[in-house]
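Q: Could you take a close look at one part of this structure for me, the second largest pocket, and tell me what surrounds it? I would also like to hear about the sheet that shares an element with its lining.

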Amino acid sequence: MYLSFIQKLAAMAVLCIGVLAMAQGVTVSPTRLFFTGNPGEVQTQTVTIKNDTPSTVTFGVGLSDWYRDENGQKLYFAPNTLPQSNASWLKLSENSVTVAAGETKEVVVTMTVPAQNKNNSVTNSMLMFTQVARQDDHFSKEKSIGIKILFEFALHVFHTPASNSNEDLDFTAIDFVTKKDEKTGAEQRFVTAKIKNLGNVNSDSTVEFELMNKSTGAEIKLNPQAISMMPGAEQIATFPIPSQLKGAYKGVAIIRVGTEANVRVGEKEFNF
């Protein structure tokens, strides 16, 4: 079953009420688990939960499928429903874990790669630690409505076949777009760069964008955007254009893939 972004956003709204005060004292690590087992192999990794708050916390532990849309937003689904899911390969040592104040606990994650698996693609899932409400949990009043302070940690789980090592991203489009601000009605201007993962491994990269005034030579560097992409995925990096920018410009987009030496460059002319 698809869990809509709105549903997740509503959950995150509840999450944020308590996470600033509470989650600063609760840590779950690592935030991403990478497995590389061959067909038939069994591998384990350990997730550590540390509670430095003055209260006991209880988490339900479960799995979800997910992927990023082209804007980088995560969309969640029930486990074992997406083609690239590895949720059925995973076994958790605990389905629920209670961590007392000052205590540290561990959850062991075991991945068994199916012996008959012939898929050489990266697979993924999400390991969810969701706080379970206790009877003595604190309540916060927001517009006279009692809201329990709950929060959730989402850990990425990836399996990459041992033979996969090609990290390759490239630009497929660079465009200029405008839209109206919903509150003020003012026109907002953006440059967008669409990137595709042409490799066979998950890629974490940075997209940079520079504008050079063709008359004066003055250069403007826009804020870089971080992207994370599964093989075959496409994602759009969006760069706001300063409102005072006028005239003819040359735009240069740069992807830094893995190492500083591995870069991709795209160019386009603009007239703002």
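A: The second largest pocket holds about 240 Å³ of space, a value computed on a predicted model. Happily, its surroundings can be described residue by residue. The lining is made up of 20 residues, and those closest to the pocket centre are Asn202, Met229, Met230, Pro231 and Ala233. By character, the lining residues divide into eight nonpolar, nine polar and three charged.

Turning to the elements behind this lining, strand E5 (57-68), strand E17 (219-229) and E18 each give two or more residues to it. E5 gives the most, with three residues.

E18 is a good place to step from the pocket to the sheet. Strand E18 covers residues 234-240, and it belongs to an open sheet of three strands in the order E14-E15-E18, where the pairing is antiparallel. Strand E14 (169-180) and strand E18 are the edge strands of this sheet, each pairing on one side only. Neighbouring strands here are turned by 25° against each other on average, with direction ignored.

As for the partner of E18, that is strand E15 (residues 187-197), and the two pair in the antiparallel sense over seven bridges. If you would like a spot to centre your view on, try Val191, which stands opposite Phe239 in E18. To bring the two topics together, E18 is both an edge strand of the sheet and one of the elements that give two or more residues to the pocket lining.

Methods
Residues numbered from 1 in each chain as written. Predicted model: local features only at pLDDT ≥ 70, side-chain atom pairs only at ≥ 80, totals over all residues. Heavy atoms only, no water. Pairing = 2+ DSSP bridges. Helix = DSSP H or I, 4+ residues; strand = E, 2+ residues; numbered from the N terminus. Axes fitted to C-alpha atoms, helices over the stretch in contact; angles between N-to-C directions. 1 Å grid on protein atoms, 1.4 Å probe; cavity = no way out; pocket = protein on both sides within 12 Å on 5 of 7 lines; lining within 4 Å. Points joined across faces, edges and corners; volume = space filled by probe spheres on them. Nonpolar A, V, L, I, M, F, W, Y, C, P; charged D, E, K, R; others polar.
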